[in-house]
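Reader: I would like a close look at a single part of this model, taken slowly. Please start from one side chain and work outwards to what surrounds it.

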Amino acid sequence: MKILYIDIDSLRPDHLGVYGYHRNTSPNIDRIAEKGVRFTNYYASDAPCAPSRNAMFQSRFGIHTGSINHGGLNADVQPIGIDRPFNHHHSPYQAWVEELRFRGHHTAMISPFPGRHAKWNVLEGFLEMHDTGKHAGETAGDVSSEALRWIKGRGTEKEDWFLYLNFWDPHTPYRTPEEYGNPFENDPAPDWLTDDMIAEHRQSFGPMSAREIPSNHLMPNLPEEITSVEDFKQWIDGYDTAIRHVDDHIGLLLDALEEEGMLEETMIIISADHGENQGELNVYGDHQTADHITSRIPLIMSGPDLKEGHVDEDFHYQIDIGPTVTELVGGELRDRWDGTSFLPAITKGEEAGRPYLVVSQAAWSCQRGVRFDNWMLIRTYHDGLKDFPELMLFDIENDPHETTNLVDEKPEIAGEGLRLLDEWVAEQMASSDSPTDPMWNVIHEGGPFHTRGNYHGYVERLRKEGRNEAADRLEQRHQKFQKIYNTLRE
């Protein structure tokens, strides 16, 4: 079997046509979905980029690998210890790509990710690795040109192969070449965000909030701040244009597979490492939370022997994709994998989901979220200098953009979410190789990597800007961390 895995960084599913988006961002992705299976409740267990891909390739939760941050002790996978074998071949810790290789698949990766994040362990099982060389400054053309060469060369030489591609365009700062233009100039933006909400966001604070959005983007005419729905429209145009630019290049890959007579025999997987908050929780163009928006990602699978036109609404983690593909090719599942196969869902359209999910974030904030029924409960351990209360509860079915925190109105639902979270942590720690929850390592290092050491300077900045009420709220919430901060400053 030939398998093409297309990983589109920061791609949220509700900005794709096949998931109901009103803009024509994804005609090629949509036509892949029409012939395959689309998943509506597929979540990254650990966000953002490096923890997510580490979890996906190892099929293990970050609470087990220890790799949950972008720097510090818990950016890397913790050592196995005295039981570490000579290599991972056929061991309980073997990565699933390695199992594909042992089953006769020629495995290759085209991505700058391992070098960008120093996550070399994700290369386990890959026979080839092509770094596109721009340290995530690539545009879709840089990736697709390399992929086209591979498909027309090595892809035609091998009977069975697994090719993993990584597009970066929808990740801020948006990289779409200026000459591509704006195909959505005359299309309205999503209408859930109002001027009143934006005004509230501007009274709040946090990295990548309405007054602090990312800059240095390549696309012209993007705002420096979000002050109105007109600014939001320009901003979201940048994101959607990046998605459409990637989709065009996916079309080129499909054409190449068809020209080489391989399209009908290739399984195509479309997914992402995480989503992208675009105003939700006052985060614009980034992925800083363990919420529905950052953690939910698309999954589309199409190919020979897969169910056609099926929509799966069960709960799944992205760590489940490896066991599923492994079982599909007749491989052996490993004892230390946390992922479970949902093969019956893609071959027969049968239920193969989980009762609930727990998702985690520790690079921009320290949070865990529980997705159950139609609810998302988020517990914040360290806010990463954002205006987050300790608990948030959202009705995802009726409030997918997380505008109304119902934790005080629905205490019984919040209690159920906390029970599930406690149950999950207890289960994972009982089966862990380490007695330490890595989330607390991150907090005792000073907090999530991207805001570590910035607390005192950020409070001072808020006061200099006359945002004293915001500074007071931040200081109050960080009182419990002062011993840690003072120790680190000594």
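**Around Tyr-485**

Author: The side chains of Tyr-485 and His-382 are joined by a polar contact of 2.9 Å. The model is a predicted one, and every value here is computed from it.

Tyr-485 belongs to helix α17, which runs over residues 482-489. Is Tyr-485 buried or exposed? Its relative accessible area is 8%, and buried means under 20%, so Tyr-485 counts as buried.

What does Tyr-485 touch, if residues up to four places away in sequence are not counted? Its contacts are His-382, Gly-446, Tyr-455, His-456 and His-478. His-382 is thus both a contact of Tyr-485 and its partner in the polar contact. Another of these contacts, Tyr-455, is among the residues of a nonpolar core of 51 residues. Phe-315, Ile-413 and Trp-424 are also among the members of that core.

That core lies apart from the largest nonpolar core, which has 83 residues. Inside the largest core, the residues with the most contacts are Ile-6, Ile-250, Met-301 and Ile-321. Helix α9, residues 229-259, gives the most to the largest core, with 11 residues. In soluble globular proteins, nonpolar side chains tend to be buried together. Ile-6 touches Ile-250, and its other contacts beyond four places in sequence include Leu-165, Phe-167 and Leu-253.

Back to Tyr-485: its C-alpha atom is separated by 29 Å from that of Val-358, and the two residues are 127 apart along the chain. Val-358 is in turn in contact with Gly-369. Gly-369 is part of strand β13, residues 366-372, and is buried, with 0% relative accessibility. Besides Val-358, the contacts of Gly-369 outside its sequence neighbours include Leu-357, Val-359, Ala-290 and Met-376. Gly-369 and Leu-418 are 49 residues apart in sequence, while their C-alpha atoms are 9.4 Å apart.

Helix α16, residues 468-477, shows how burial can be arranged around a helix. Which of its residues are buried? They are Ala-470, Ala-471 and Leu-474. These residues are on the same side of α16, because they cover an arc of only 100 degrees around the axis. The face turned away from that buried side carries Glu-469 and Gln-476, which are exposed. The cover over the buried residues of α16 includes α8 (195-203) and α15 (455-464).

Note on methods
Residues are numbered from 1 along each chain as its sequence is written. This is a predicted model: local features need pLDDT of at least 70, side-chain atom pairs count only at pLDDT 80 or more; totals for chains, interfaces and linings use all residues. Side-chain values use heavy atoms; hydrogens and water are left out. Helices (H or I, at least four residues) and strands (E, at least two) are DSSP runs, numbered from the N terminus. Buried means under 20% relative accessible area, exposed over 50%, partly exposed in between (1.4 Å probe, protein chains only). Contact means heavy atoms within 4.5 Å. A polar contact is a pair of N or O atoms within 3.5 Å; within protein, one must be able to donate a hydrogen and the other to accept it, and residues adjacent in sequence count only if both atoms are side-chain atoms. A nonpolar core is a set of buried Ala, Val, Leu, Ile, Met, Phe, Trp, Tyr and Cys residues joined through side-chain atoms within 4.5 Å. The arc is that of the directions from the helix axis to the C-beta atoms.
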